[in-house]
Amino acid sequence: MTMIVSKIEDWLASQGKRFPAHVNRASEIGHECERFLVYRRTRWQDEILPDAKLQAVFMIGNILEEFAFDLMRKAGLPVIEQQVMIEDKRMKVTGHADATSAFEPDDPFVVEIKTAHPMIWNQINTVDDLKKKPWLKKYPAQVQLYMFIRGYRRGVILFVNKSTGWLKEIWMDLDLDFVAEIEDKCKRINFAVEVSELAKTDEEKEACLPARITDRATCGMCSFRHVCLPDVNFEAELKIADDPEFEAKLKRVVAAKPLTAEMTALEKEVKSRIKATAEAEKLESIRISAGNVLISGKKDAKGAWRIAFEGEEE
């Protein structure tokens with residue numbers, strides 16, 4: 001029985017809402033697809049709503065955001081103006097900055113809280129790292145806009161590890177060249193929206209839209225994929241392989257996986273011990289017999305150790 005989970009799932013699914021978008025969102029302006037940003041304003045009523053699982057992710061994000069701010073307060077850091085609205089009428093962009101803080105009263109900075117899967121959290125340490133993933137690219141643009149509109153010279157993204165709760169900070173200075181790029185992007189989106197609203201036919205509206213991106217992985221996650229690419233099936237089709245030999249090989253791969261991982265770990269441990277033994281005795285090469293297994297090691301021309309299992313002794 002899943003009475004509890006099903007009721008929670010139903011409630012989460014009901015939380016998705018669509019709202020008209022008359023301006024650009026600061027949190028989305030860094031999205032790599034300008035066509036998506038135009039749809040957000042012209043086809044908002046057709047957007048696919050987040051499912052229950054995604055709604056749960058959003059809720060976890062909100063909880064961890066307050067968790068991070070609570071830690072800042074307890075550490076003596078001021079959390080000022082939480083969720084303050086920002087707006088630039090020239091760019092037609094609005095947003096809500098998570099907060100501002102300051103080490104010195106006359107030097108405030110923007111604070112934006114984001115959560116990340118442990119694997120992603122481990123991979124991101126600089127602004128350049130954020131440019132490697134489509135959904136992470138939006139964060140620097142968002143913070144740059146907040147800094148520019150508020151008149152601050154610095155900002156920080158505080159990442160919370162979803163598994164451990166540990167924090168990581170990525171700082172950035174106000175980059176006016178980057179802001180100028182964002183401003184140009186807003187102009188293109190605003191123009192496309194205005195022209196699209198004047199178009200009378202679907203063909204004319206299509207002609208007003210920015211070009212599609214070519215990254216279909218990003219398209220597959222887009223909430224307007226059914227509008228932009230109605231003829232593309234993004235669901236992976238299940239293929240049944242009626243091949244006993246292929247099936248047997250797949251089973252062997254699955255069965256061998258844990259053994260392979262164990263062997264790799266053991267081999268690494270053994271090689272580390274051989275190397276340590278040789279270096280402790282200041283040897284350039286070494287051969288060790290353990291039980292009936294023979295192992296040899298030798299330094300190469302660059303000083304790196306090459307260790308090999310010679311096999312079993314007779």
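Visitor: Before we start, what does contact mean here?
Guide: We're looking at a predicted model. Contact is counted when heavy atoms lie within 4.5 Å.

Visitor: Okay, so what covers the buried residues of helix H2?
Guide: Let's start with H2 itself, residues 34-42. Eight of its nine residues are buried, so H2 is largely enclosed by the rest of the structure. Those buried residues include Phe36, Leu37 and Val38, along with charged ones such as Glu34 and Arg35. What covers them includes strand E1 (24-25) and the helices H7 (176-198), H8 (202-208) and H10 (225-228).

Visitor: How are helices H1 and H3 oriented to each other?
Guide: H1 spans residues 3-13 and H3 spans 52-74, and their axes sit 8 Å apart at an angle of about 80°. Angles of 65 to 115 degrees get one label, so H1 and H3 are roughly perpendicular.

Visitor: And which residues of H3 make that contact?
Guide: On the H1 side you'll find Glu9, Trp11, Leu12 and Ala13. By class, the contact has six nonpolar, one polar and one charged residues. The H3 side brings in Ala52, Gln55, Ala56 and Met59.

Visitor: Now the sheet: which strands are at the edge?
Guide: It's an open sheet of three strands, in the order E1-E3-E2, with mixed pairing. An edge strand pairs on one side only, and that fits E1 and E2 (84-88).

Visitor: Which helix packs on the sheet?
Guide: E2 and E3 (residues 93-97) pair in the antiparallel sense over five bridges, with Glu87 opposite Thr94 in E3. The helix touches both E2 and E3, and its direction makes about 85° with that of E2. Its residues are 138-150, and its name is H6.

Conventions. Residues are numbered from 1 along each chain as its sequence is written. This is a predicted model: local features need pLDDT of at least 70, side-chain atom pairs count only at pLDDT 80 or more; totals for chains, interfaces and linings use all residues. Side-chain values use heavy atoms; hydrogens and water are left out. Axes are lines fitted to C-alpha atoms, for helices over the stretch in contact, and angles run from 0 to 180 degrees between N-to-C directions. Helices (H or I, at least four residues) and strands (E, at least two) are DSSP runs, numbered from the N terminus. Angles under 35 degrees count as roughly parallel, over 145 as roughly antiparallel, 65 to 115 as roughly perpendicular and the rest as oblique. Buried means under 20% relative accessible area, exposed over 50%, partly exposed in between (1.4 Å probe, protein chains only). Two strands pair if DSSP finds at least two bridges between them.
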